[in-house]
Amino acid sequence: MRPEYVQFESGKLGPADASKSPRFADIATFARLPRLEDVESADVIVVGIPFDSGVSYRPGTRFGPSHVREASRLLRPYNPAVDIAPFNEVQVVDAGDIPVNPFDITEAVAEMEAGADQLRADGARLVVIGGDHTLALPMLRSVAKQHGPVAVVHFDAHLDTWDTYFGAPVTHGTPFRRASEEGLIDLEASLHVGTRGPLYSKQDLRDDERLGFAIISSDEIEDEGVPAAIERMRARLGDRPVYLSIDIDVLDPAHAPGTGTPEAGGMTSRELLRMIRQFSDFNLVGADVVEVSPPYDHAQITAVSASHVAYEIVSAMAARP
């Protein structure tokens with residue numbers, strides 16, 4: 001049975017009515033939103049990519065999309081932090097998952113790109129739930145077909161601009177090097193936020209700068225505060241088209257234990273949400289939330305954070321249709 005969805009005065013179809021269908025009932029869609037097939041057209045599409053064949057350490061993120069959807073059941077239609085009811089402003093739907101080959105990374109990446117192209121064909125913006133960070137490369141390939149090189153804002157403990165792992169050029173640690181080499185990113189405006197922890201060598205930082213990224217580290221956020229980090233971000237982005245990529249391990253393991261490569265000393269969920277809320281002022285053309293690994297999660301701690309991150313991204317898109 002289909003749940004009874006809320007019909008907003010704008011004509012948009014919203015989440016299932018929690019007064020008529022318990023939040024724990026029905027098949028889980030993101031925030032209990034309608035499915036793609038329930039509407040004639042969509043402005044923002046939430047889609048999962050259950051893929052983790054590109055990980056270098058702990059697996060399990062192939063189960064991330066369903067885990068985040070389950071944790072999103074408690075999200076509500078009005079976002080008081082930014083004074084917007086996002087599902088009333090734009091039609092948001094859940095398109096399910098893009099099925100990809102779990103044994104062949106090259107084929108899987110091509111399937112991700114093709115799936116994104118199909119969903120974006122009528123002008124919808126995508127919020128992708130991973131899955132590992134490999135998927136950022138095909139998402140950027142898809143977005144760049146319409147917008148050209150985009151400013152990438154990358155929240156992550158790690159740079160993800162390394163060259164290869166075991167000779168493999170496309171993994172969860174390499175997407176932004178490949179994207180830079182392919183001309184998909186704006187070399188004057190891209191940015192890492194929340195990076196921390198040991199590197200292989202100082203050359204990693206030199207390579208990263210050459211590839212087009214500036215850095216606001218986790219330590220800088222602690223020392224200078226979130227408002228200063230936001231101002232640095234604004235100064236770098238301007239009004240360029242922006243792609244937002246969020247690895248949940250940007251959060252400290254206390255806030256996100258369920259991830260593949262945790263690093264101590266990260267951001268709090270409050271700090272991350274506060275920074276994401278600023279994207280209502282930017283030209284946000286696409287986004288992903290990746291690296292949620294349910295086998296390492298406890299009481300949905302990581303998935304709850306990821307679901308709220310995705311909700312704030314949807315809110316930011318709704319504020320600037």
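In this predicted model, arginine 232 pairs up with glutamate 220 in a salt bridge, with the closest N and O atoms 3.6 Å apart. The two partners sit on separate helices: arginine 232 belongs to helix H8 (residues 226–237) and glutamate 220 to helix H7 (residues 218–224), so the bridge links distant parts of the chain, twelve residues apart. Neither end is hidden away completely. Arginine 232 is partly exposed, at a relative accessible area of 34%, and glutamate 220 is likewise partly exposed, at 26%. Elsewhere, salt bridges that share partners pull Arg69, Asp94 and Asp97 into one network.Across the whole structure, the search turns up 20 salt bridges. One of them joins the side chains of aspartate 117 and lysine 145, with an N to O distance of 2.5 Å. Aspartate 117 lies in helix H3 and lysine 145 in helix H4 (residues 136–147), so this pair ties together parts that are 28 residues apart in sequence. The two ends differ in how open they are: aspartate 117 is partly exposed, because its relative accessible area is 25%, while lysine 145 comes out at 52% and counts as exposed.

A more local case is the bridge between arginine 210 and aspartate 207, at 3.8 Å from N to O. Both residues lie in helix H6 (residues 203–210), three residues apart, or about one turn of the helix. Here the arginine end is the open one. Arginine 210 has a relative accessible area of 54%, so it is exposed; aspartate 207, at 16%, falls under the 20% cut-off and is therefore buried.

Two further polar residues are worth a look. Glutamine 118 is found in helix H3, which covers residues 105–120. With a relative accessible area of 63%, glutamine 118 is exposed. From its C-alpha atom to that of arginine 196 the separation is 36 Å, with the two positions 78 residues apart along the chain. Asparagine 88, by contrast, is buried, at 17% relative accessibility. Its helix is H2, residues 86–89. Once residues up to four places away in sequence are set aside, asparagine 88 touches Phe8, Glu9, Ser10 and Lys12.

Next comes the nonpolar interior. In soluble globular proteins, nonpolar side chains tend to be buried together. The largest nonpolar core in this model holds 54 residues, and the members that touch the most others are Phe155, Leu244, Met275, Phe279 and Ile313. Helix H10 (residues 301–319) supplies the largest share of this core, with nine residues. For methionine 275, the contacts beyond four places in sequence are Phe155, Val193, Ile221, Val226, Ala229, Ile230, Met233 and Met267. Apart from this core lies another, made up of 38 residues, including Leu13, Ile98, Ala136 and Leu140.

Conventions: Residues numbered from 1 in each chain as written. Predicted model: local features only at pLDDT ≥ 70, side-chain atom pairs only at ≥ 80, totals over all residues. Heavy atoms only, no water. Helix = DSSP H or I, 4+ residues; strand = E, 2+ residues; numbered from the N terminus. Buried < 20%, exposed > 50% of the residue type's maximum accessible area, 1.4 Å probe, protein only. Salt bridge = Lys/Arg side-chain N within 4 Å of Asp/Glu carboxyl O. Contact = heavy atoms within 4.5 Å. Core = buried A, V, L, I, M, F, W, Y, C linked by side-chain atoms within 4.5 Å.
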